[in-house]
Amino acid sequence: MSRRVVRQSKFRHVFGQAGKAEQTYEDIRVSKVTWDSSFCAVNPKFLAIIVEAGGGGAFIVLPLAKTGRVDKNHPTVNGHTAPVLDIDWCPHNDSVIASASEDTTIMVWQIPDYTPVRNITEPIVTLEGHSKRVGILSWHPTARNVLLSAGGDNVIIIWNVGTGEMLLSLDDMHPDVIHSVCWNANGSLLSTTCKDKALRVIDPRKGQVVAERFAAHEGMRPMRAVFTRQGHIFTTGFTRMSQRELGLWDPNNFEEPMALQEMDTSNGVLLPFYDPDSSIVYLCGKGDSSIRYFEITDEPPFVHYLNTFSSKEPQRGMGFMPKRGLDVSKCEIARFYKLHERKCEPIIMTVPRKSDLFQDDLYPDTPGPEPALEADEWLAGQDADPVLISLRDGYVPPKSRELRVTKRNILDVRPPTGPRRSQSASDTSFSQQQQQQTLETLLEEIKSLRERVQAQEERITALENMLCEFVDGTD
C-alpha cells in the first residue's frame, strides 16, 4: 500500500480562538444597511465601526484598549447626510480614516489620540466627484495620500487627499455596478469585479484594461477579487447553481483558472482577507458563523484548505488587523474583529509554538507606516515596493501626525518637469509638516531626557540620605 504524503506547511495548525468577554466591545448599534462591505476597519491604534445613526451616516472610533461596554453617548464621527457604506484607515497614518457614503461624497477624518467630548463633524477634506452613492474605498499601498473610490455611477476615481483634488477618473471601463476593487502590492495595477461578471486588471495611470476574463464565476451574485503576493488574482463567487466557489487566476493567462473549487451553498458573499506575509487567505461570509482559511502556494493545486474557525453567532461584518498590530510574543498571525448585532469581538489566529523566542519564519519584514512614494511621483509613472519594517521587538504606533490639506494654486499651470515632483504648494506644506514633526520629536526627546535626569537625581538624593542614616547609625 502506498502511504499518503502529508503536505509540509508551518500553517497546518493555525488555531483560531474568540477573545474573552473582557476583550469585547459591547453595546454597539452596528449599521443595518444592506451593503456588502465589511462595516469595520481596524489598525494598531483604533477600531472603527459603521453604526446606526438618525438623520445621516456615522461611524464610531474606539481606542483598541477601550474594551467593555461602550457608553451610548460615546462621540461618533458624523458628517455625512446619508448612511456610511465603507470606511478605510490610511496605511501611512494611523490617525487618518476615510469614509464613503450614499450621499455621493467621501470624507477624510483626523482622529485625535484622546477621546473627544463631542461628535467629530468636521472632516479634513470632503471629496466630491461621484454622481451616485460611493460604496468602495481603498488607500494606495505605497504612495502617500492617494485614495481610490468606486461608486454606483460605475466610475473609479483616484484622489490626492493632500490637495483634495482628483488625480484620475476611470469612467468608461465598467458598464455596470462595481463589486470590488483591489490594488496589487506596489499599487501599479487594480483588479476589479463587476455586475457584468467580468474580472478585469486595469493600469489606472494608462487608463487601460490590460487583461479581462468574462464569467470567472458563472453565477449572477457578486464576485470579489484580491491580488496575491505572486501577482495572481484570488476570487470568490458563485456557480450557476448558486454554490459558493473560489478561484485562482494568472492575469497573463486568463483562459484557464489555476485553481477552481466549489465550497457550499449559501447566499452570503465571501469577503476575502489576504495576508501576503504568510500567503494565507481568510474567507468570511456575511451571515456565516465561520471563517475558512486557505494557504496559496507556488505548486499545484495552488490553493490548500487549512481549517475552519466556527462559532455560534453569524457575523454582520469583519475587520482585519494589519500585521504590525499583532502580538508577536503569542505567535499571533492574524486577528479579526467580528461584528455581531450589538457587539464586536476579536478572533485571534495563532500558530502554537513551544519557544518564547521571536519566530522569524512566521514574521518576515512587513509593510510599515512609511510611504515609499509621493502622490506626484506615483502619478508620473514611478512604482515602489512597500517600505518594510521588522516586528522582532513588536510595533509601537507613532504619535498622531496631522494631515494638512493644501489646495493647489489653480492659476499655476506649469507642467511637472520629468518624473520627479515639481515644487508646489502641497510640497511646501509637506516640508513644513516634516519640520513641525522633527521639532515635536526633538521636544519629546528633550522632555524624556529631562525626566530621566530628574529621576536619576532623585535616586542619587535617596541613596545619599540612606548613606547618611547608615553612617549616623554606625556612629
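In what order do the 4 strands of the open sheet with S8 in it line up, and is their pairing parallel or antiparallel? The order is S8-S9-S10-S11, and the pairing is antiparallel. Keep in mind while you look around that this is a predicted model.

**Two open sheets**

Let's stay with that sheet for a moment. Strand S8 (84–89) and strand S11 (125–128) sit at its edges with a single partner strand each, so each has one side left without a neighbour in the sheet. On average, neighbouring strands here are turned by 20 degrees against each other, if you ignore direction. For a close-up, go to strand S10 (residues 105–110), which pairs with S11 in the antiparallel sense over 4 bridges. One pair to look for is Met107 and its bridge partner in S11, Thr126. As for what holds such pairs, strands of a sheet pair through backbone hydrogen bonds.

Another open sheet of 4 strands has the order S3-S4-S5-S7, and its pairing is antiparallel. Its edge strands are strand S3 (40–42) and strand S7 (77–80), each of which pairs on one side only. Neighbouring strands in this sheet are turned by 20 degrees against each other on average, again with direction ignored. S5 and S7 run antiparallel and are joined by 2 bridges. If you want to find one, start at Gly57, whose bridge partner in S7 is His80.

**The WD repeats on record**

Now for some annotation. An unreviewed UniProt entry lists residues 77–119 and 127–169 under "repeat: WD". Here is how those two spans look in the model:

| Span | Distance between end C-alpha atoms | Helix | Strand |
|---|---|---|---|
| Residues 77–119 | 6 Å | 0% helix | 51% strand |
| Residues 127–169 | 13 Å | 0% helix | 56% strand |

**Spaces inside**

How many cavities of 30 Å³ or more does a search of the whole structure find? There are 3 of them. The largest cavity holds about 110 Å³ of space. Its lining is made up of 15 residues, and Val61, His74, Ile111, Pro116 and Ile120 are the ones nearest its centre. Strand S5 (residues 57–63) gives the largest share of that lining, with 3 residues. By class, the lining has 11 nonpolar, 3 polar and 1 charged residues.

The second largest cavity has a volume of about 60 Å³. It is lined by 10 residues, and closest to its centre you'll find Asn93, Asp94, Pro398, Lys399 and Arg401. The lining of this second largest cavity splits into 2 nonpolar, 4 polar and 4 charged residues.

**Backbone details in the loops**

A few loops deserve a stop too. Between strand S26 (290–296) and strand S27 (303–310) runs a loop that contains Pro301. The peptide bond from Pro300 to Pro301 is cis, with omega near 0 degrees.

Next, which sign does phi have at Ser279? Phi is positive there, at about 60 degrees, although Ser279 is not a glycine. You'll find Ser279 in the loop between strand S24 (270–275) and strand S25 (280–285). With a relative accessible area of 2%, Ser279 is buried.

Cys331 is not a glycine either, and has a positive phi of about 55 degrees. Look for Cys331 in the loop between strand S28 (317–320) and strand S29 (332–339). Is Cys331 buried or exposed? Cys331 counts as buried, at 5% relative accessibility.

Notes: Residues are numbered from 1 along each chain as its sequence is written. This is a predicted model: local features need pLDDT of at least 70, side-chain atom pairs count only at pLDDT 80 or more; totals for chains, interfaces and linings use all residues. Side-chain values use heavy atoms; hydrogens and water are left out. UniProt positions are given in the numbering used here, feature names are shortened, and annotations may be inferred rather than shown by experiment. On a 1 Å grid over the protein atoms alone, a cavity is a set of points where a 1.4 Å probe fits but cannot get out, and a pocket is an open set with protein on both sides within 12 Å along at least five of seven lines; lining residues have an atom within 4 Å of a point. Grid points are joined across faces, edges and corners, and a volume is the space filled by probe spheres set on the points. Ala, Val, Leu, Ile, Met, Phe, Trp, Tyr, Cys and Pro count as nonpolar, Asp, Glu, Lys and Arg as charged, and the others, Gly among them, as polar. Two strands pair if DSSP finds at least two bridges between them. Axes are lines fitted to C-alpha atoms, for helices over the stretch in contact, and angles run from 0 to 180 degrees between N-to-C directions. Buried means under 20% relative accessible area, exposed over 50%, partly exposed in between (1.4 Å probe, protein chains only).
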